[in-house]
Amino acid sequence: RAAQPPPDAPRQRQPVGKCGPEHRRRTVPSILRELAEKRQLSEEIVSLLQAQFSDLPRELHSWRQMADYSPEMRQFACFLHLYHIKAYDYLRKILPLPHPYSLTNWLSNNKAAAGFSSDIFLRLQEKVERGDQAYCYCTVLVQDMSLQKQQEWDPQTKRLTGFVDLGAGILDADEAPLASEAIILMAVGISSPWTAPLGYFFVNSMSGHFLAQLLRQAIHKLNNIGIVVLAVTSAASARGAETARALGIRTDPKRIQCTFQHPPRSAHSIAYFFDVCHALLLIRNAVQCFQKVEWLRDTVWWQHVVELAALREQRVLEPCTPESGRAGSKGSYHLKVNPATLLFSEGVAEALEHLQKLGLASFQNCRGTVKFVRLMSSLCDIFYGRGFYGKEPLLAGNYTKIRNLLDEANSFFVNLTDSVGRYVIKSKRKLGFLSFLLNAESLKWLSSNCMCPGGTPSHHLHTHAFSLDPLEQFLRALQQACGSSGSPTCTVFQAAYHKLVASCSLAPGSPHGGGNASPWDTALSRRRDLTLGSIRAQYHPAPARSLAPEYPYRAGLLLPSSALSNALTDLSLYTRSLTCTAGWVAEQLALDLECEACLASLFEADESRLRCRSVLYIKKLGGVSLPSASVHHITSISEQVLNCYGKVGGANRNTKLWHLSLEQKVFQELLGKSPLFPTLKSHLFEGDLSINNHYTILVKKITRCYLNVRTNPAQHVNLKYPCGRHRLKRLKGKHCF
């Protein structure tokens, strides 16, 4: 900082250029206009500063005589620093503005106000001071959430709300814009899966430079309480790339710079990551646009993926063998693609190889596609902690096993070309590939600098902490607390944020208050656009869900309101009806389930053909998929409960409360019985210890769907009684009583 002359210094001793009338007439507004003319500040920012801070002293000597910073001066300094650091540094040479890191306290607030949450930082500091090593190292995540532009009156503060607020006060001048986005920051443990929402900021427009300054303020505040930030993660987007550049990150494949110094020009470095889910979407879009990409002697064809996703259900005749014990018969299995399968997964690679072995013409010469999908699947396993949901950390001992894979991916992405020989890494579809290259270098750097045996901050890393999944889970809980699916107003956002932070526990693995979604389901939902079902919807949009009038009878579905059902005494017909209804329930649930393993568990499948769940061999009867034994058992118990308690309730039947009471009785009947879905084993309870694990979700959905179709048949099928006698095939096997 340049030394300033004392106020009483003789004017004749100053340089001639600085003692003339023009220098004495310089004011704060004139300096701002000079910066605008030099294009160091935008006209929009200058106009807003002049309108919002019109009461600030205009003369320079008035600023020098002020002993304390007024609230307006604090607000002016914070706004100028975050939006344009170079202009702030220039004004610091003229005005007595504080050091940038002194602004951190001015950007902090209590309760639900915008800015850094003082309460969260205080609770983190207490854990660090107690010697809890799990809270000494973290990564910082940043994400935005859209807001509804709306000006509202706050009767408590007696002020207008809905404007830009960076924590130092609301910019509520007539010329001030309304806030359109909320920036949310979160700290996530690297060696232990704890999460802490650090605060939020209302903005109208932002740049990568703005986010970079906000991240530096968050890192500085965490460092002040004894927490070391090892990494930063943002979205793989244009704004995220601009933020990385503003921090000093370089993504040029020939000279990647994966770390930045904080404070600037210091010895401490921080790694930078792009969100893996966003990067995968960009890579999918790139391959889809190019249709064909080549690497050395291998060719990746997008059409292979399209053909797999659009593969229609096909009947596969099983030849008679002595081992089958069914001489003179053929199996009736149907080959079906699991729409919940992720594109970049080992399941898709195995499915392509399996269909190629079957001789299907559309899947010949798919070796390059299989290799590419398998490579991407392995990278996902690395960056999601070798288990897709970060269950297994990256240990110092197993790092050497994945370094070769990271090097192979680097070679693959750098040499990937399109159909005319142009390098993809230099095309307009390069950001997804560059994101993985940067993430690989950042992971190598962390492994080399933060996992050494001597003096190490952490012997293992949860790579799941380098994705935006923890922050996305918080945002989903926040959206649920807002009470609407659309963009909330600033007032609604603040109330919901205060509710979540008040019930937020910093304990590892604890869910955010008010949120029902587990981390597992949040990860699945974020990757919905990466499933085979989403690709199928792009090329073959699904028609409206409707059933033919004769479907219930063709499938053997007998409803209680029909006269035939009341007079039915044949137990075999009852069994057949129940099985077909359970199959119909399984098909309905398969339309919306996002978990590949859970969807596969709904049907009776021939597991001996293909062990992966991306391609299923399902048995059918009368056009209906046969359900798995677990689905059949749940619907059987639901039918028993309905028969016992269906008449209870009188006029209150078919109400939500009545249905909930039936569901509760079904759960009671299932307790203590033989375990359901044995093929899934630990999958049902993996990733979440709350009641909303995949076991309870499956049972709840099956029970609810079955009770709905049994008690409200008109809402599900268009019932008509066609003339004639309906043929009902006899069901053989384990589904018969």
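Helices (H or I, at least four residues) and strands (E, at least two) are DSSP runs, numbered from the N terminus. The model is predicted: local features need pLDDT of at least 70, side-chain atom pairs count only at pLDDT 80 or more, and totals for chains, interfaces and linings use all residues. Residues are numbered from 1 along each chain as its sequence is written, and side-chain values use heavy atoms, with hydrogens and water left out.

**Figure 1. Asp119 and Arg123 pair within helix H7.** Their side chains form a salt bridge (a side-chain nitrogen of Lys or Arg within 4 Å of a carboxyl oxygen of Asp or Glu). The closest N and O atoms of Asp119 and Arg123 are 3.5 Å apart. Helix H7 spans residues 118–129. The two residues lie four apart in H7, so about one helical turn separates them. Relative accessible area sorts residues into three classes: buried is under 20%, exposed is over 50%, and partly exposed is in between (1.4 Å probe, protein chains only). Asp119 has 36% relative accessibility and therefore counts as partly exposed. Arg123 is also partly exposed, at 22%.

**Figure 2. Asp418 and Arg422 form a salt bridge.** The N to O distance is 3.0 Å. The partners differ in cover: Asp418 is buried, with a relative accessible area of 4%, whereas Arg422 is exposed, at 57%.

**Figure 3. Thr417 sits in the loop between helices H14 and H15.** H14 covers 399–414, and H15 covers 431–449. Thr417 is at 13% relative accessibility, so Thr417 counts as buried. Which residues are in contact with Thr417, leaving aside its neighbours within four places in sequence? They are Lys292, Val293, Glu294, Arg422, Tyr423 and Val424. Contact here means heavy atoms within 4.5 Å. Arg422 is the residue that also pairs with Asp418.

**Figure 4. Lys444 and Glu441 meet in helix H15.** Their side chains form a salt bridge of 3.6 Å, N to O. Three residues separate their positions in H15, so they are about one helical turn apart. Lys444 is buried, with a relative accessible area of 10%. Glu441 is partly exposed, at 24%. Elsewhere, Asp144, Glu181 and Arg239 are joined into one network by salt bridges that share partners. A search of the whole structure finds 17 salt bridges.

**Figure 5. Helix H2 is mostly covered.** H2 runs over residues 28–37. How many of its ten residues are buried? Seven are: Val28, Pro29, Ser30, Ile31, Leu32, Leu35 and Ala36. Arg39 follows H2 and has a positive phi, near 60°.

**Figure 6. Confidence varies along the protein.** pLDDT is the predictor's confidence in each residue, from 0 to 100. The protein has a mean pLDDT of 78, and 76% of its residues reach 70 or more. Confidence is lowest in helix H1 (residues 21–24), at a mean of 44. It is highest in strand E10 (residues 269–274), at 96. Over residues 319–331, pLDDT stays under 50, and the model has twelve contacts beyond four places in sequence for that stretch. Residues 386–391 also stay under 50, with 22 such contacts.

**Figure 7. The whole protein has 26 helices and 18 strands.** Buried residues make up 52% of its 737 residues. Among contacts between residues at least 6 apart in sequence, 73% join residues at least 24 apart.
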